[in-house]
Amino acid sequence: MGKKKDTIKVKRKCCHSKPACKRCPIVVLREALRESKEEEAKKARKKNKKKAAKKVAETSAE
């Protein structure tokens, strides 16, 4: 048996099957957008945490 690839071969058109298959372009796009938004949210939380730590350090130094 071959190895399972990390990528999904996306179909060109949606066949409107219920439930939607994993190769459906609509499903693949939705998953990609969800992953990118999660990544952006993580970066924003990290940035805010860093700013808060910096602000606390500045106020305690005074």
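**Reading one helix, one salt bridge and some cysteines**

Student: I'm looking at I26; which helix does I26 lie in?

Tutor: I26 lies in helix α1. Helices (H or I, at least four residues) and strands (E, at least two) are DSSP runs, numbered from the N terminus. Before we go on, this is a predicted model: local features need pLDDT of at least 70, side-chain atom pairs count only at pLDDT 80 or more, and totals for chains, interfaces and linings use all residues. Residues are numbered from 1 along each chain as its sequence is written, and side-chain values use heavy atoms, leaving out hydrogens and water.

Student: How many helices and strands does the protein have?

Tutor: One helix and zero strands.

Student: Back to I26: buried, exposed or partly exposed?

Tutor: Buried means under 20% relative accessible area, exposed over 50%, and partly exposed in between (1.4 Å probe, protein chains only). I26 has a relative accessible area of 48%, so I26 is partly exposed. As for its place in the fold, I26 and R12 are 14 residues apart in sequence, and their C-alpha atoms are 9.9 Å apart in space.

Student: What share of the protein's residues count as buried?

Tutor: Of the 62 residues, 3% do.

Student: Now for charges: how many salt bridges does the structure hold?

Tutor: Here's the idea: side chains of opposite charge can pair when their charged atoms come close. We call it a salt bridge when a side-chain nitrogen of Lys or Arg is within 4 Å of a carboxyl oxygen of Asp or Glu. This structure holds one: the side chains of R34 and E31 meet at 2.9 Å, N to O.

Student: Where do R34 and E31 lie?

Tutor: Both are in helix α1, which covers residues 25-61. R34 and E31 sit three residues apart, about one turn of the helix. R34 is partly exposed at 40% relative accessible area, and E31 is also partly exposed, at 33%.

Student: And the cysteines: how many disulfides does the structure hold?

Tutor: A disulfide is a covalent bond between the sulfur atoms of two cysteines. The cut-off for the pair of sulfur atoms is within 2.5 Å, and the structure holds zero disulfides.

Student: Why is there no bond between C21 and C15?

Tutor: Because the sulfur of C21 is 4.7 Å from its closest cysteine sulfur, the one in C15, and that is too far for a bond. C24 is in no disulfide either; its nearest cysteine sulfur, in C14, is 3.4 Å away. Check their surroundings too: C24 is buried, with a relative accessible area of 3%, whereas C21 counts as partly exposed at 26%.
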